[in-house]
Amino acid sequence: MSNRVLNVGIVGGGGGAFIVNPHQKAIFFDGTRRVTCGALHPDPAVAMKEAEAWAYPIKGYKNYDEMLDEEMKKPAGERIDYVLIVTPNFVHFDPAKKALSKGIPVFCEKPLTITLQESDELVKIVNEKKIPFCTAHTYLGHWTSRLSRFIVTSGLIGKVRWVDSYYIQGWLAGRTEDQGVMQAEWRVDPKRAGGSCCGGDIGTHALMQLRYVTGLNIVKLQAFLETFVAGRQLDDHFTVYGELSNGGKALVRASQIAIGHKNDLGIEVNGDIGTLIWKQEDAEKIVIHLPGKPDLVYWRGAVSAHDGFFKDIPVSLLSEPTIPSGHPEGFHDAFARLHRCFEADVRAYQAGTYAGTDGSKYATVEDGRMGIAFIEKALESNKNNHACVEL
Ligand SMILES: NC(=O)c1ccc[n+]([C@@H]2O[C@H](COP(=O)([O-])OP(=O)(O)OC[C@H]3O[C@@H](n4cnc5c(N)ncnc54)[C@H](O)[C@@H]3O)[C@@H](O)[C@H]2O)c1
């Protein structure tokens, strides 16, 4: 396999944008990927200026149509190898669809789209073209998320009875959208965010964490979408009570009005043998409770098979690059792990050996679609007096 450095083109990310920054650091993390160009802003003049002002030389394009067209005129090896989409939710579908139809792999921010129809369309194209696609559910990239998934799906805490998966923030507790914060302005606008603010923005992360760690789906749900801050059209507090595909029950909850909470995402899984607890603000460790035994605390990297709890630990997990435990990893490392795994799939795709992804390394286009289906069903339940609906 070639060790050529892969070229990434960015859609969005100019002028004080947020999530582009961790992504671009994660792209450079291993020295095997780099950002080479971008269509960084909806205004073509600003887009060009923003590209010139980028911290290192990249080629600016006036818009993403121009970027995709011009890049595809270059020979393979010189053009972009994948596209990163870091625009507000309503500008995910169009650039993703256009890139995929040109055969360019896509790494797209969540929530995947603003309608289920759009998500269905992306799934169809990805499946037809057998092309790599990642939905950027960051927290799957923590090594401890991967270990949590192994612990739960291999039955080490028994049959899953109850899951509490949550993402709690406080940054929209007041009218942040009136204070010149662009990240807040579009998130509370149904045209740009979609049908749900809190649920779409962070409830989808909580859902994905549940699905990833347990391997289960929500099959029925009752939803409560609340708006605490006056004048908002969309929810700023989101609670779903659900039934799991194994018959267990779950709470998927999110809030943006819980003052004091920052990025308080976590999951507790109660099985009939034990309980697993993981929190992204303390992501270096997993706590396991087993009845009648001292609590177990597993630190990232400091695990070994045959210790009385683990019988084995997959080589694929142990061989994922990490730094020695005690030197903390974090958000950037999680993003880097997703880009690293995506890079491997892009290289396989280019070599003609890509056979699809099983969702164990990063969230797929189907996972992104599931997030949108979940939000649409939550909206339906909420509208119908919180009726129980099937997903
Ligand atoms: N995975 C995560 O942990 C995570 C965290 C935060 C945000 N997000 C997601 O990332 C996306 C961006 O969020 P953000 O907080 O960075 O937003 P932001 O407002 O900070 O940045 C959005 C950027 O997109 C640009 N843009 C808008 N329309 C465009 C167009 N037509 N062409 C080119 N650029 C355009 C804006 O100018 C801006 O630079 C959202 O979908 C959000 O849900 C994900």
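This is a short group-meeting talk on one predicted protein model and how its parts fit together.

Okay, hi everyone. Keep in mind throughout that we're looking at a prediction.

Let's start with the overall layout. The protein splits into two domains, and both are pieced together from separate stretches of chain: domain 1 is 6-139 + 335-364, and domain 2 is 142-322 + 372-383. Their centres, taken over C-alpha atoms, are 25 Å apart. Where the two touch, domain 1 puts in 16 residues and domain 2 puts in 21 residues. If you look at the domain 1 side of that contact by class, you get nine nonpolar, five polar and two charged residues.

You can lay the database records over this. UniProt, in an unreviewed entry, puts "domain: Gfo/Idh/MocA-like oxidoreductase N-terminal" at residues 6-131. That span comes out as 40% helix and 17% strand, with its end C-alpha atoms 16 Å apart. There's also "domain: GFO/IDH/MocA-like oxidoreductase", again from an unreviewed entry, listed for residues 151-276. Here the numbers are 24% helix and 34% strand, and the end C-alpha atoms sit 8 Å apart.

Now the ligand, which I guess is what most of you came for. How many residues surround the ligand, and which are the closest? There are 25 of them, and the closest are Gly12, Ala17, Phe18, Ile19 and Glu109. In terms of chemistry, the shell has 13 nonpolar, nine polar and three charged residues. Both domains take part, each giving at least three residues to that shell.

On to the sheets. One of them is an open sheet of six strands, in the order E3-E2-E1-E4-E5-E6, and the pairing is parallel. Why do E3 and E6 each have a side without a neighbour in the sheet? Strand E3 (59-60) and strand E6 (133-135) are at the edges and have a single partner strand each, so one side of each stays free of a sheet neighbour. Further in, strand E4, residues 82-85, runs parallel to strand E5, residues 106-108, with three bridges between them. If you want a residue pair to click on, Leu84 has Phe107 of E5 as its bridge partner.

Next, helix H6, residues 143-153. Eight of its eleven residues are buried, so the helix is largely enclosed by the rest of the structure. The buried ones are Trp143, Thr144, Ser145, Arg146, Leu147, Ser148, Ile151 and Val152. After H6 comes Gly155, and its phi is positive, near 85°.

My favourite strand is E11, residues 264-271. Its side chains alternate: Leu265, Ile267, Val269 and Gly271 point to one face and are buried, whereas Asp264, Gly266, Glu268 and Asn270 point to the other and are not. E11 pairs with strand E7, residues 160-168, in the antiparallel sense over eight bridges, and there Val163 stands opposite Val269. E11 also pairs with strand E12, residues 275-279, antiparallel again, over five bridges. In that pairing Glu268 has Ile277 as its bridge partner. E11 and E12 make a hairpin, with three residues between them.

A similar exercise works for strand E9, residues 237-244. Six of its eight residues are buried, leaving the strand mostly covered. E9 runs antiparallel to strand E8, residues 218-226, with eight bridges joining them, and Leu225 faces Phe238 of E9. E9 is also joined to strand E10, residues 249-255, by seven antiparallel bridges; one to look at is Thr239, whose partner in E10 is Arg253. The E9 and E10 hairpin has four residues between the strands, and Gly247 in that hairpin takes a positive phi near 95°.

Last stop, a single loop residue. Leu290 lies between strand E13 (285-289) and strand E14 (296-299). Is Leu290 exposed, buried or partly exposed? Leu290 has 16 C-beta neighbours inside 10 Å, so it counts as partly exposed. Leaving out residues up to four places away in sequence, Leu290 touches Ile273 and Gly274. For Leu290 and Ile273, the C-alpha separation is 6.7 Å, although they are 17 residues apart along the chain.

That's my tour. Thanks, and I'm happy to pull up any of these on screen.

Note on methods: Residues are numbered from 1 along each chain as its sequence is written. This is a predicted model: local features need pLDDT of at least 70, side-chain atom pairs count only at pLDDT 80 or more; totals for chains, interfaces and linings use all residues. Domain bounds come from an automatic or database domain assignment. Two residues are in contact if their C-beta atoms, placed from the backbone, lie within 7 Å. Ala, Val, Leu, Ile, Met, Phe, Trp, Tyr, Cys and Pro count as nonpolar, Asp, Glu, Lys and Arg as charged, and the others, Gly among them, as polar. A residue is near a molecule or strand if its C-beta atom, placed from the backbone, lies within 6 Å of it. Two strands pair if DSSP finds at least two bridges between them. Helices (H or I, at least four residues) and strands (E, at least two) are DSSP runs, numbered from the N terminus. A residue is buried if 20 or more other C-beta atoms lie within 10 Å of its own, exposed if 12 or fewer, and partly exposed in between; C-beta atoms are placed from the backbone. UniProt positions are given in the numbering used here, feature names are shortened, and annotations may be inferred rather than shown by experiment.
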